[in-house]
Amino acid sequence: MTGYFDFIKNLIKNGEKREEPLKGVKVVEITHFIFGPNIGRILAQFGAEVVKIETPGEGDRFRLGTVFGRFYRHSNLIYAVLNTNKYFVAADARNAKAREIIFELARRSDVFVENLRAGLVDTMGIGYQQIRAVNPKIIYVSCSGYGQFGPLSKTPSFDVAAQGVSSLAMKTGWEDVDEFYKLPDYFGDFLPSMLAILAILAALYYREKTGKGQYIDISQTESLLRFLYDITYFSITGKEIGKTGNIDPTASPSGIFKTSDGKFVAISIVTEKQFEAIASVVGFDDSKKKDRFSMDVIKELNEKLEKWVEKKNLKEILEIAKEKGFPAAQVLDDLEVFKDPWRRERGSIVEVQDRFLGKVQVPGPFAIFSSTPGKIKWLARPVGYHNRLILKRWLNLSDEEIEKLEKDGAIGYWDEMPGTSPPPTWNKDDEVFRGEKDEG
Amino acid sequence: MRDEYLLKLFSEENKPFALDELIVAEISGENFAGAIASSLLAELGAKVYRIEFEDDAKKISPFGVQIDGIGIPYFIETRNKEILKFDEKAKEIVQKADVVIDAMQPGFLDSIGIGYRQISEKNPRVIYAAISPYGHFTSKAEEFRNVPDSDLTAQAYNGYPTLIGNPFLTGKHSYPLRAGIWAAWIMAGANAAVAIMIALIERGKSRKGQFIDVATHDAIATITAFPYIVGFLFGKPRGRFGTIDYILYPFGYHKTKDGYVVIATPTDADFRALLKILGRWDLEPDWKFTLDRITDDVERIKILDDELNKTIQNFKTYDLIKRARKTRKIPILGKILGRFLGEPVIVKINTLQEVLKDEHWWIRKSFIKVKIDGKNVLIPNVAFKMSETPPRVLKVLKGQL
């Protein structure tokens, strides 16, 4: 094992770098909020050319969805990050000409992603059957709360709704408090979006071999149900697991404890070997090993562990975990995550020099690749910012034709709301905006 | 009509898999992020060999409940896989596989001669995905290499539990709180599967593999981006916000006369419609705009939350849902003003038993019945549908599908 970590570090830093994996893949998305947009974000970070179509004026309504209402240089940073490396076209789907434009873009794409209400795209004339008729190789992805067919399919959804409908909502909370809490930060959007990307990439892989496109139906609720092991537990025992506070019912002892220096540490003992490792220092009775998964025994072990933890500081506990080999980690808050030196060394957080937003620190790619690292090239742009660039490049329209579309109200730009518009310092003499030069 | 068309389109009969012929070797011990990554690929048709040194993972289960000696997560996440004990034959599979998933202690496989540096020498096309708490490089990864992974510790280091819980509770109920599923392991597994597919598509062009590193302790935060953005913008953490959201209000859970509902009003129009439904137009002047309802001050938003809760508790769940549905059905006006008319999202929060009774999921085949010793055991089916290459569960360790 000598030098293993150095070998990997060197491989990641200095190993052979190759062309972007998804270069040449054209994606068109009509998406809003998180579920849809996060799909294009990841594909674009690995080289796909992603065109996002929004409504002129307000655009994706999530442009206004800032954390605690805070904008940064007229921009919503969360939106900016979830829409990295994309091209922004604004076409008003209520206008017939605009629908033609959207249709023409979609027929030239490899992948089309939408997360509107189930069936709405059919009414807009850009449903799967309509696009497939002119582009049989299309990989068409519909993202929704409950799927494209079935009695619930037309019910509106958001992350929080899917968590409620799937029953996942009822699993997080204290046993003795009549409340439950959602999984934060839109888990019911982000998990399904990653699974949608998996499906898209599998479809691209298959298309490479056979030339065939296909339709993908992915829902928030089913993505959550896929990992709700309680379904199986219930079918065997007839009981619901419900809320278990900080106890992971698959680990014993397990919980979040306060150290002598006032920090929180999570300890979760998954295997027998780990139990033996921690038993030797905390002083667990060996006879508990056998039935350690009954709730009473978990609580008994937790009580003992809690007393042990409160006499030690965080550093001491982590040292013991390292030496003995059992799972333990500090419970971090937002700021500790942001400042974490490990994340900076790893590249989980990177500094980007953006033409609009200046120097900002944003999350890096979701995984580290030795030869084809993901890149954050630019953050989101204002509504309709790339109209000219994309309509020229994809549809060969002339400046005059584009101006006509603007006059007819088919395409448009941002309004003056923050989140949709450029920063006040923006210089209108902008070649990218005029469609004469690409980003980057 | 649409339903019928789609049911036919997504039928699974006589269709190929997207990942036919792809060989995956998964060595993940008790780290279920690795098992999840490979079961997602196995559902898409990859030939997955799960190679084991010990059978610790088999025993892991909620409250120790077993299916014929097998824990529930193991039963679910070994779908379509072949299980092998580590031996010379298994070693050979690892050396020749298209994809290797290594969720063991970082450096362990290297120490026994089947790490990336040894395999890639003979098989440069290998895509090697490492999954571990802190990754396979950086000083922290090396320092903590002996600390095994768990979902709870990974949630903790992602900053997740500090966001969960009611800010007005005290004592132990003010501690950070665990998300009730394996949130970090699931996200890390999905991330690894996506990363592998990206590398696989690239391999089609370059004919070369590569090394991929996924850290469970960062799997949620890097995807959601929120902790980073909050740290950058505010220089302070958010803390617990109960059922209130950081961006929108209302966007959470509320108690009704006979149960619980989710209420989400992503726009001001939706909020106005909600006030009409509840008969609380008196609240409109003070809380008109999204910016009035910013949740940065929990004491302040609690005033509105308490008012709404007082009213919502007087409604029966289905009455509220019916009223919300009505706002979406104003035919003529809807056509003209469609997007300006509010439509609050109001749905019922289900218990698991209610989910299992809902015909919607049975029509969609969201669950699978497995017959074991004459008894039906339910497992979750695949997460998504594909028309040409439907992902499927073909076999499980015990019982008949």
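Q: What makes B:Gly279 stand out just after helix 13 of chain B?
A: B:Gly279 takes a positive phi, at about 70 degrees. Helix 13 of chain B covers residues 268-278; helices here are DSSP runs of H or I with at least four residues, strands are runs of E with at least two, and both are numbered from the N terminus. The model is predicted: local features need pLDDT of at least 70 and side-chain atom pairs count only at pLDDT 80 or more, while totals for chains, interfaces and linings use all residues. Residues are numbered from 1 along each chain as its sequence is written, and chains are lettered from A and ligands numbered from 1 in the order in which they are written.

Q: Which residues of helix 13 of chain B are called buried, and what do they pack against?
A: The buried residues are B:Asp270, B:Phe271, B:Ala273, B:Leu274, B:Leu275, B:Ile277 and B:Leu278. They are called buried because each has 20 or more other C-beta atoms within 10 Å of its own; 12 or fewer would make a residue exposed, a count in between partly exposed, and the C-beta atoms are placed from the backbone. They pack against strand 10 (260-264), helix 14 (284-287), helix 15 (298-312) and helix 16 (317-327) of chain B.

Q: What makes strand 8 of chain B a mostly covered strand?
A: In strand 8 of chain B, 6 of its 6 residues are buried. B:Gln210, B:Ile212 and B:Val214 lie on one side, and B:Phe211, B:Asp213 and B:Ala215 on the other. In a regular strand the side chains alternate between the two faces of the sheet.

Q: How do you know which strands pair with strand 8 of chain B?
A: Two strands pair if DSSP finds at least two bridges between them. Strand 7 (residues 127-132) of chain B is joined to strand 8 by 6 bridges and runs parallel to it, with B:Tyr128 opposite B:Phe211. Strand 12 (residues 368-369) of chain A pairs with strand 8 of chain B in the antiparallel sense over 2 bridges, and A:Ile368 stands opposite B:Asp213.

Q: Why are helix 2 and helix 8 of chain A called oblique to each other?
A: Their axes come within 8 Å and cross at roughly 50 degrees. Angles, taken from 0 to 180 degrees between N-to-C directions of lines fitted to C-alpha atoms (for helices over the stretch in contact), count as roughly parallel under 35 degrees, roughly antiparallel over 145, roughly perpendicular from 65 to 115 and oblique otherwise. The two helices are therefore oblique.

Q: What makes the contact of helix 2 with helix 8 of chain A, by class?
A: The contact has 8 nonpolar, 2 polar and 1 charged residues. Ala, Val, Leu, Ile, Met, Phe, Trp, Tyr, Cys and Pro count as nonpolar, Asp, Glu, Lys and Arg as charged, and the others, Gly among them, as polar.

Q: Why is one side of strand 3 of chain A left without a neighbour in the sheet?
A: The open sheet has 7 strands in the order 3(A)-2(A)-1(A)-4(A)-5(A)-6(A)-14(B), with mixed pairing. Strand 3 (86-90) of chain A and strand 14 (384-386) of chain B stand at the edges, each with a single partner strand, so one side of each has no neighbour in the sheet. The twist averages 15 degrees from one strand to the next.

Q: How many bridges join strand 5 and strand 6 of chain A, and in which sense do these strands pair?
A: Strand 5 (residues 139-144) and strand 6 (residues 214-219) of chain A pair in the parallel sense over 6 bridges. A:Tyr140 stands opposite A:Tyr215.

Conventions:
Contact = placed C-beta atoms within 7 Å.
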